[in-house]
Amino acid sequence: MNATRTTTVTCPNCGRGNRIPVAAEGRPTCGHCKQPLPWIVDAGDGDFAEIADNATQPVVVDLWATWCGPCRMVSPALEQVARDLAGRIKLVKVDVDENPLLSRRFEVQAVPTLLVLDRGETVARQAGAAPAPVIRSWVEQATAGRQTTAGG
């Protein structure tokens, strides 16, 4: 169980650093200004179920590789979308070379591959890099009607 593993996120509203768990129920908020925080975490074969499958909000999964140029280009766009949709999604990044079980599970044929999961089920999938506005629109369309209020 990785419930005690944390990541540090800077609040886009007030600029304060916040330590948030990589796996938890609900949605993280800034300890200072109480605004929703972007939830961006890394996951792998050993902790993906706890971090992503069990999440109570939609999860955007970035299946990427260190050697992939388009992956490096799309990463800032995904982080922007996570900031824009703070409190509505969780961004989970998975290095496919280090996590072969997840690569097989999601049948990754090309990187980057982006998924939207709703309680562990794939509800949208796209391969290739795209600019932040295109990704945001795709995520919003995929999560429309799937928002949950569980835990927050």
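## A tour of the sheet, its helices and a salt-bridge network

Start by selecting Val41 and Val92: Val41 stands opposite Val92, which belongs to strand β5. The model on screen is a predicted one.

Widen the selection to the strands around this pair. Strand β5 covers residues 90-95, and β3 pairs with β5 in the parallel sense over four bridges. Now show the whole sheet. Five strands make up an open sheet with mixed pairing, and their order is β3-β5-β4-β6-β7. To find the edges, select 39-42 for β3 and 121-127 for β7; each of these strands pairs on one side only. From one strand to the next, the twist averages 20 degrees.

Next, add residues 69-84, which form helix α2. Helix α2 packs on the sheet and touches β3, β4 (59-64), β5 and β6 (113-118). The direction of α2 makes about 160 degrees with that of β5.

Then add residues 132-143, helix α4. Helix α4 also packs on the sheet, where its contacts are with β4, β6 and β7. Its direction makes about 30 degrees with that of β6.

Keep both helices displayed and turn to the side chains. The structure holds six salt bridges. For one of them, select Asp84 and Arg136, whose closest N and O atoms are 3.6 Å apart. Asp84 lies in helix α2 and Arg136 in helix α4, so this salt bridge ties together parts that are 52 residues apart in sequence. Both residues are partly exposed: the relative accessible area is 36% for Asp84 and 28% for Arg136.

Stay on Arg136 and add Glu140. These two form a salt bridge, with 3.0 Å between the closest N and O atoms. Arg136 and Glu140 both lie in helix α4, four residues apart, which is about one turn of the helix.

From Glu140, go on to Arg88. Which two side chains meet here in a salt bridge at 3.7 Å, N to O? They are those of Glu140 and Arg88. Glu140 is in helix α4, while Arg88 sits in the loop between α2 and β5; the pair links distant parts of the chain, 52 residues apart. Glu140 counts as partly exposed at 27% relative accessibility, and Arg88 is partly exposed with a relative accessible area of 34%.

For the last view, select Asp84, Arg88, Arg136 and Glu140 together: a network of salt bridges links these residues.

Methods: Residues numbered from 1 in each chain as written. Predicted model: local features only at pLDDT ≥ 70, side-chain atom pairs only at ≥ 80, totals over all residues. Heavy atoms only, no water. Pairing = 2+ DSSP bridges. Helix = DSSP H or I, 4+ residues; strand = E, 2+ residues; numbered from the N terminus. Axes fitted to C-alpha atoms, helices over the stretch in contact; angles between N-to-C directions. Contact = heavy atoms within 4.5 Å. Salt bridge = Lys/Arg side-chain N within 4 Å of Asp/Glu carboxyl O. Buried < 20%, exposed > 50% of the residue type's maximum accessible area, 1.4 Å probe, protein only.
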